[in-house]
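Trainee: I am new to this structure and would love a close look at a single part of it. Could you walk me through the salt bridges and the residues that form them?

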Amino acid sequence: MIKEVQYLPISREVEVLLSDGSRHAWRVDDLEMLSNVDGNILPLPAPNREQLLDVIPYGGGAYLYCPQIEQMFELDALL
């Protein structure tokens with residue numbers, strides 16, 4: 001489960017600290033971000049620094065969530 005999550009703007013990575021003490025990071029530009037626009041699934045434009053700084057653990061630490069861009073990523077899928 002995710003204990004802590006942060007956005008690293010220099011490398012454009014999201015870094016998580018898990019309850020087992022391990023750290024993992026993923027480049028934001030490698031994550032698939034989609035939005036539903038009038039029933040059509042479209043790629044989300046690349047989010048900016050300010051949008052990504054607001055990232056939180058969600059669902060008891062099973063997900064990381066970026067509320068400003070309405071994107072959620074399941075930890076198990078990322079690992």
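Mentor: Happy to; here is a walk through the salt bridges, with a short look at a few other side chains afterwards. The model is predicted, so local features need pLDDT of at least 70 and side-chain atom pairs count only at pLDDT 80 or more, while totals for chains, interfaces and linings use all residues. Residues are numbered from 1 along each chain as its sequence is written, and side-chain values use heavy atoms, with hydrogens and water left out.

A search of the whole structure finds 4 salt bridges, each being a side-chain nitrogen of Lys or Arg within 4 Å of a carboxyl oxygen of Asp or Glu. One of them joins the side chains of arginine 12 and aspartate 29, at 2.9 Å from N to O. Arginine 12 sits in the loop between strand E1 (2–8) and E2, and aspartate 29 in the loop between strand E3 (23–27) and strand E4 (34–37), so this pair ties together parts that are 17 residues apart in sequence. Strands here are DSSP runs (E, at least two residues), numbered from the N terminus.

Aspartate 29 also meets arginine 27 in a salt bridge, at 3.5 Å from N to O. Arginine 27 in turn has a salt bridge with aspartate 30, at 3.8 Å from N to O. Put together, Arg12, Arg27, Asp29 and Asp30 are linked in a network of salt bridges.

How open are these side chains? Buried means under 20% relative accessible area, exposed over 50%, and partly exposed in between (1.4 Å probe, protein chains only). Aspartate 29 has 41% relative accessibility and counts as partly exposed, and arginine 27, at 37%, is partly exposed too. Aspartate 30, at 61%, counts as exposed.

For a buried residue, turn to glutamate 15, which has 18% relative accessibility. Glutamate 15 lies in strand E2 (residues 13–18). Its side chain makes a polar contact of 2.7 Å with that of glutamine 6; such a contact is a pair of N or O atoms within 3.5 Å, and within protein one must be able to donate a hydrogen and the other to accept it, with residues adjacent in sequence counting only if both atoms are side-chain atoms. Leaving aside neighbours within four places in sequence, glutamate 15 is in contact (heavy atoms within 4.5 Å) with residues including Arg23, His24 and Ala25.

Conventions: Helices (H or I, at least four residues) and strands (E, at least two) are DSSP runs, numbered from the N terminus.
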